[in-house]
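Subject: Structure for you to look through

Dear colleague,

I am passing on a structure that I would like you to open beside this message. Please look it over before you read my notes below.

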Amino acid sequence: INQSLSSLGNVISALAKQSEGQSVRVPYRDSVLTKLLQNALGGNSKTIMIAAISPADINYDESVSTLRYADRAKQIKTKAIVNEDPTEKLIRELKEENERLKHAMKSGDISTEDLQDMAGKEVLSKAEIDALKKEWLAEMKANMKANEKEAEEHKKSTEEKVSEQKSQEAEKETALHKVLEEKKNKPHFFNLNFDPQLSGRLVHIIQKSDTEIG
């Protein structure tokens, strides 16, 4: 235990130095504990470390050591990123874009500068402004429809992948059931292993009535 905690302290020190911009090797492989905590300490995750200390004076040395340990851990900085499927991320971004467009259309949120950019000139009459706003609204509606169509297409492709995976799993179950039924009535070979859970995993059914071996 002491060796593992010592290795953990070395890992925390190395990670703290990395956070300061220093190029150092992090000794994750020095103990089983640090190997298990590799993703939690320096990977794509957020980790909370609780330091338990005692107010008693007889535990002063241990409390100071624990606080120093916690201070080193506090210096570690990680940038956790949410693991997200690219297709789901795209669908979410398209929905967010549509919500933004709806809000912009509802509030009529378009500046005079944007209208001037659309028209290609700085001076605009009231009639031109009204016509440009109508054109802008039509463009926003077209963008929303395009986003909805694209999101629906990606959603369908995701559903097709799920359906294909379920179909493959069903085929495997059917094949396994067939093998189990044939084992009851036909001669067969199967593997033996020291681990009972691995025994019988490999099965060869003898299909022919006359079979020569050797």
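What follows describes the confidence of the model, its salt bridges and one charged patch.

This is a predicted model, in which local features need pLDDT of at least 70 and side-chain atom pairs count only at pLDDT 80 or more, while totals for chains, interfaces and linings use all residues. Residues are numbered from 1 along each chain as its sequence is written, and side-chain values use heavy atoms, with hydrogens and water left out.

The pLDDT (the predictor's confidence in each residue, from 0 to 100) averages 79 over the protein, and 91% of the residues score at least 70.

Two salt bridges (a side-chain nitrogen of Lys or Arg within 4 Å of a carboxyl oxygen of Asp or Glu) turn up in a search of the whole structure. In one of them K184 pairs with E181, with 3.4 Å between the closest N and O atoms; both residues belong to helix 7 (helices are DSSP runs of H or I, at least four residues, numbered from the N terminus), where they are three residues apart, about one turn of the helix. The other joins the side chains of K186 and E182 at 3.8 Å, N to O. Of this pair, E182 is buried at 16% relative accessible area (buried means under 20%, exposed over 50%, partly exposed in between, with a 1.4 Å probe and protein chains only), whereas K186 is partly exposed at 31%.

Best wishes

Conventions:
Helix = DSSP H or I, 4+ residues; strand = E, 2+ residues; numbered from the N terminus.
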